[in-house]
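Here are a few notes to read alongside the coordinates. I have kept to the overall make-up, one helix and the charged pairs.

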Amino acid sequence: ALLADGLGADLAGFVFHPPSPRAVSPSRAAGTRTGRLVRVGVFVGQGASEIIEIMEEAGLDLAQFHGGQTPADARRVGPGRVVRAVWPERHPDPASLERELAPWREVSRLLLFDAGVAGGGHGRPAAAGGPWFLAHAGMPSLLAGGLGPRTLAALPDLSGYGWLAGFDVNSGVESSPGIKDRGLMAEAARLVKRLPAGCPGPGREALRDPRRPAGGS
């Protein structure tokens, strides 16, 4: 986490999904130093009450909803505190994607577009087939899905996508599941700095402040 901070990252993710090789306990997260990074919890099976409890125990700033949570759960956690994961491959066309995104824009700080149709760890970027979905985000968004030096270097031109605010890297910077590789992290950071972001997105202090409006304002 401290290396990520030094490399210029803005957010540190803690996975609270027991089947994952990256899963940590709330107490482990609470004791992990993260420097200036915004602290994000990744939640799959938990509802609002459990998410709130873990956030308080672990000292988290944001909750990434990566499962079946609802907009009502987001309102309970706090609209300024939610990152909503979305899987564009679930949708046959932009209209279908819009129906999913519409209720989330009012209750999320960021969207995160992932590969596959559920879960994570797919090892390929959501933009592998072309990042058409970024044009329909309607709010600052992150791109995820197996991003590391190899996949970042192979991304298509993203300069025209105004809602792209950043990149989520995880499995693509690991030497084995759950073990981050310092060299891969450094190379990924170098490549990310050369890639365009269509919008600046909320800064670290804004992301830490749940009183700020939702929708990335």
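1. Please keep in mind that this is a predicted model. The protein chain holds eight helices and nine strands. Of its 217 residues, 48% are buried.

2. On the chain as a whole, the accessible surface is about 9,800 Å², and carbon and sulfur atoms account for 53% of that area. Looking at contacts between residues at least 6 apart in sequence, 66% of them join residues at least 24 apart.

3. Helix α7 (residues 182-194) is a good place to pause. Does its length agree with what its residue count predicts, or disagree? At 1.5 Å a residue, its 13 residues should span 18 Å, and the end C-alpha atoms sit 19 Å apart, so the two agree. At the N-terminal end, D181 acts as the cap, with a side-chain oxygen 2.9 Å from the backbone nitrogen of G183.

4. Which residues of α7 are buried? They are M185, A188, A189 and L191. The cover over the buried residues of α7 includes α1 (2-6), α6 (149-153) and β9 (179-180).

5. The same helix carries a charged pair: R190 and E187 form a salt bridge, with the closest N and O atoms 2.6 Å apart. Both residues lie in α7, three residues apart, or about one turn of the helix. An α-helix has 3.6 residues a turn, so residues three or four places apart point the same way. R190 is partly exposed at 39% relative accessible area, and E187 is partly exposed too, at 27%.

6. How many salt bridges does a search of the whole structure find? The answer is five. One of them joins E174 to R22, with 2.8 Å between the closest N and O atoms. E174 belongs to strand β8 (residues 174-176) and R22 to the loop between β1 (11-16) and α2 (26-30), so this pair ties together parts that are 152 residues apart in sequence. E174 is buried, its relative accessible area being 10%.

7. Another pair worth a look is R105 with E98, whose side chains meet in a salt bridge at 2.7 Å, N to O. Is each partner buried or partly exposed? R105 is buried, with a relative accessible area of 17%, whereas E98 is partly exposed at 33%.

Key: Residues numbered from 1 in each chain as written. Predicted model: local features only at pLDDT ≥ 70, side-chain atom pairs only at ≥ 80, totals over all residues. Heavy atoms only, no water. Helix = DSSP H or I, 4+ residues; strand = E, 2+ residues; numbered from the N terminus. Expected span 1.5 Å × (residues − 1). Buried < 20%, exposed > 50% of the residue type's maximum accessible area, 1.4 Å probe, protein only. Contact = heavy atoms within 4.5 Å. Polar contact = N/O pair within 3.5 Å; in protein donor to acceptor, adjacent residues only side chain to side chain. Areas by Shrake-Rupley, 256 points an atom, 1.4 Å probe, with all protein chains shown as cover. Salt bridge = Lys/Arg side-chain N within 4 Å of Asp/Glu carboxyl O.
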